[in-house]
Amino acid sequence: MDEMEIGKVLGWKRKYLEKAKKIRCFIFEQEDYNIIIPHYAIAIYYYYRTTAMREAILNCNLENLYIAAHNDGYDASIVIPKYVTKAEAPFICRFATVEEAHKKFEDTGKFILNYVHHIKNKSGQYPKTMPIKAKFPMEYVFLIDAKVHEFMHKGKRSYFVHELVNDDSDIGFKTLQVLREHKQSSIDIDSLNKLPTVPREIPGKMTEVLKVEGASKRKQHRTVSTKRSQCNSLAGVSISEDMVTAEGIDTLLKIYKEEVNDEVTDQNLTESSKNTEKKIRKTRISSEYEKKQKEKKEYTHNFDEFHQYSNYLKQQPDIKNFTVSPNKNMEKVIDIYTDREHHKCYVEGRSRQYITAIFQYKTIYVGLLELENKTGTATSTWVISSINPIYQSVFGKFLYHFVDEDKKINDMKEEHKNNMQIRFSTKNHERTENLTEKDLAKWMVGVLGKTLA
């Protein structure tokens, strides 16, 4: 196309002419007309459909959007985390279980990651803009509705697609049960009968069982619901939604894993609404979910170590009235700059916990506070010593400095280093469950050395 024709497509805005020349497009040549579809229109409609899906494709990590999915070509079910919406679930299930769509999703994400990596190595900086390369998730004849610009090119009528607004491509199933992670369950897991089952009979024709891909370590997720109210791909598809607790999800994962182990049937499903061949990945389990669950359990390991230190400390003859309080959740504090919960108050989307202990050493009262920390991060115990008895309100005061006033630990130490009434300090400690006598004694000496005594 010459500049005049490109200008017509752009609405005579020459400001974007040079950028428009670089847009990747598909051209569908018909006898009487041509259809030009830019890659960005495909990406926006299929891959950038919602904020969560856009972040997943940018990170090339679909597994952040589902916990497990099952699809036998007719009945499908998907377990989704609480930040994924019911409206997103059918499209996530297609990308997770329909092999062709899954490959297109990965190809689109890998192109982005490779481009970012290339520019970073070449210039030392991350790109400010990014070309878009995306294919239709399904390759067969289906109908699309679009906003187009009609023009003549070399005597032939042509249509440039500005936006895809609807399509009737096969979603890959006829019924979908959406199970959302929730505090309370709306179903009885023990009597769950909606999950599809996989026959154990070995068919005459078999294909190679697909291997589970490794999950990306990059994390994401912010979610907004889709603004698209209709999609003919979902016409005739029955979608139900139920809530399931974390314990129920664990039970469901066991069921899914059993089905994965028993999957010996042919994965080439040839019967569909379009009479076209498509490959169905019957069951997928997100390794991201299991990894996060493992991390959540590991987060409180520094409390286990704190208890070991505390048990050793209270056995010493100079330590009196030693008391350890139960774990407490930090109070939620809204950051005035972001209008969200302060990052110091939570870990992995839940309230951050802390544990405290108080005792008397000689004539000094000492309070210890341990914050919940992520695995692999440095851990230190707050050491507060005073000439007056220490109560929970004292811990609350220092937590207020730390979160509400957003003070750094070093600044808090500096403010109290010359205070003869109350002193604040910290003592680093080991991150291992196998603490030796030497480790315990070393920590105790360090803690007592930081008090006013």
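In this predicted model, four strands come together in an open sheet with the order S1-S2-S6-S5 and mixed pairing. Its edges are formed by strand S1 (25–29) and strand S5 (144–153), each of which pairs on one side only. On average, and with direction ignored, neighbouring strands of this sheet are turned by 25 degrees against each other.

A closer look at S1 helps with orientation. S1 runs antiparallel to strand S2 (residues 33–38), and five bridges join the two. For a handy landmark in the structure above, Glu29 can be found opposite Asn34 in S2. Helix H3 (residues 39–47) lies across S1, S2 and strand S6 (156–167). The helix runs at about 15 degrees to S6.

The model also holds an open sheet of five strands, arranged in the order S8-S7-S4-S3-S11, and here too the pairing is mixed. Strand S8 (238–244) and strand S11 (283–285) are the edge strands, each pairing on one side only. From one strand to the next, the twist averages 10 degrees.

At the S8 edge, the partner is strand S7 (residues 175–181): S7 and S8 pair in the parallel sense over seven bridges. Within this pairing, Val178 stands opposite Glu241 in S8. Helix H5 (residues 89–97) packs on this sheet, where it touches strand S3 (68–71), strand S4 (75–80), S7, S8 and S11. The direction of H5 makes about 105 degrees with that of S4.

How values were computed: Residues numbered from 1 in each chain as written. Predicted model: local features only at pLDDT ≥ 70, side-chain atom pairs only at ≥ 80, totals over all residues. Heavy atoms only, no water. Pairing = 2+ DSSP bridges. Axes fitted to C-alpha atoms, helices over the stretch in contact; angles between N-to-C directions. Contact = heavy atoms within 4.5 Å.
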